[in-house]
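Student: I should like to learn how to read the features of a protein model. Could we work through one together?

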Amino acid sequence: MGKFYSVIPDAQQAFIKKQHIFFVATAPLSGDGRVNLSPKGLDCFRVLSENQVAYMDLISSGNETSAHTLENGRITFMFCSFEGSPLILKLYGKGHAVLPGSEEWESLAPQFTIYPSTRQLIVADIDLVQTSCGFGVPLYDYVGERDIHFQWAEKKGEDGLAEYVQKNNLKSLDGLVTDLGLL
């Protein structure tokens, strides 16, 4: 059965470090707005303290997490055990984007591998941690990371990436401004 915590216990921190994939979910306040759910990988997630986490976010087709956390802060992370003992771990909290060049960026960025296509860091203060059984989650074997994103980014180059961000990452699907759209 599920258990609830007000902090991320040591056992769950260790579980997080072993995972190759996690999911992040956010939503706008509008009932007509779209809920966003994204898978993430590439060893980009860090537990900063028992109540704070962050992940390194790459340039991609949208920037919903930034728009939603800018509007209302709500964010949920989910980790699933795809091997070994079954477990689902959810982290609930309030998040925000940290952009390159900010003071917060300077303190957090050294904890990550920053790539030319790193768009921002997403930081969240966690106020609720939930574990559940995960009995229905299938077993999968991890075979490695994809390098398609990095090939795409290298082909685009610095100017191409900047142009892509301007075209695709300043507003959400629902028209909400992102942190990058405020610049």
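Student: Where along the chain is Leu42 placed?

Tutor: Leu42 sits in the loop that runs between strand 3 and strand 4. Please keep in mind that this is a predicted model. Asp43 belongs to the loop between strand 3 and strand 4 as well.

Student: What is the sign of phi at Leu42, and what is it at Asp43?

Tutor: Leu42 has a positive phi of about 70 degrees, although it is not a glycine. Asp43, also a residue other than glycine, has a positive phi near 50 degrees. One may set beside them Gly73, just after helix 2, with a positive phi of about 80 degrees.

Student: Why does Leu42 count as partly exposed?

Tutor: The label depends on relative accessible area: under 20% is buried, over 50% is exposed, and partly exposed lies in between. Leu42 counts as partly exposed because its relative accessibility is 23%. Asp43 has a relative accessible area of 60%, and therefore it is exposed.

Student: Which residue lies 102 residues from Leu42 along the chain, with its C-alpha atom 9.3 Å away?

Tutor: That residue is Gly144, whose C-alpha atom is separated from that of Leu42 by 9.3 Å. Gly144 is found in the loop between strand 8 (118-132) and helix 4. Its relative accessibility is 36%, so Gly144 counts as partly exposed.

Student: How does one find pockets in a model?

Tutor: Rolling a probe the size of a water molecule over the atoms shows where empty space is left. In this structure, the largest pocket holds about 1,100 Å³ of space. Its lining includes strand 3 (36-40), strand 5 (52-58), helix 2 (64-71) and helix 4 (148-168), the elements that each give two or more residues. The lining has 37 residues, and those nearest the centre are Ile21, Pro39, Lys40, Gly41 and Glu145. By class, 15 of the lining residues are nonpolar, 13 polar and 9 charged.

Student: What is the volume of the second largest pocket, and which residues lie nearest its centre?

Tutor: The second largest pocket has a volume of about 220 Å³. Of its 17 lining residues, Ile16, Lys17, Gln19, Asp43 and Cys44 lie nearest the centre. Helix 1 (10-18) and strand 4 (45-49) each supply at least two residues of this lining, and strand 4 gives the most, with 3 residues. The lining divides into 9 nonpolar, 3 polar and 5 charged residues.

Student: Helix 2 was named in the lining of the largest pocket. How many of the residues of helix 2 are buried?

Tutor: Helix 2 is mostly covered, with 6 of its 8 residues buried. They are Glu64, Thr65, Ser66, Ala67, His68 and Thr69. These buried residues pack against strand 2 (22-26), strand 3, strand 5, strand 6 (74-80), strand 7 (88-98) and strand 8.

Student: Is helix 4 straight or bent?

Tutor: One may compare the distance between the ends of a helix with the span expected of a straight one. Helix 4 has 21 residues, and a straight helix would reach 30 Å at 1.5 Å a residue, but the end C-alpha atoms are only 19 Å apart. Helix 4 bends by about 105 degrees at Gly157.

Student: Which residues of helix 4 are buried, and what do they pack against?

Tutor: His149, Ala153, Gly160, Leu161, Tyr164 and Val165 are buried in helix 4. The buried residues of helix 4 pack against strand 5.

Technical notes
Residues numbered from 1 in each chain as written. Predicted model: local features only at pLDDT ≥ 70, side-chain atom pairs only at ≥ 80, totals over all residues. Heavy atoms only, no water. 1 Å grid on protein atoms, 1.4 Å probe; cavity = no way out; pocket = protein on both sides within 12 Å on 5 of 7 lines; lining within 4 Å. Points joined across faces, edges and corners; volume = space filled by probe spheres on them. Helix = DSSP H or I, 4+ residues; strand = E, 2+ residues; numbered from the N terminus. Nonpolar A, V, L, I, M, F, W, Y, C, P; charged D, E, K, R; others polar. Expected span 1.5 Å × (residues − 1). Bend = angle between axes of the 7 residues up to and from the residue. Buried < 20%, exposed > 50% of the residue type's maximum accessible area, 1.4 Å probe, protein only. Contact = heavy atoms within 4.5 Å.
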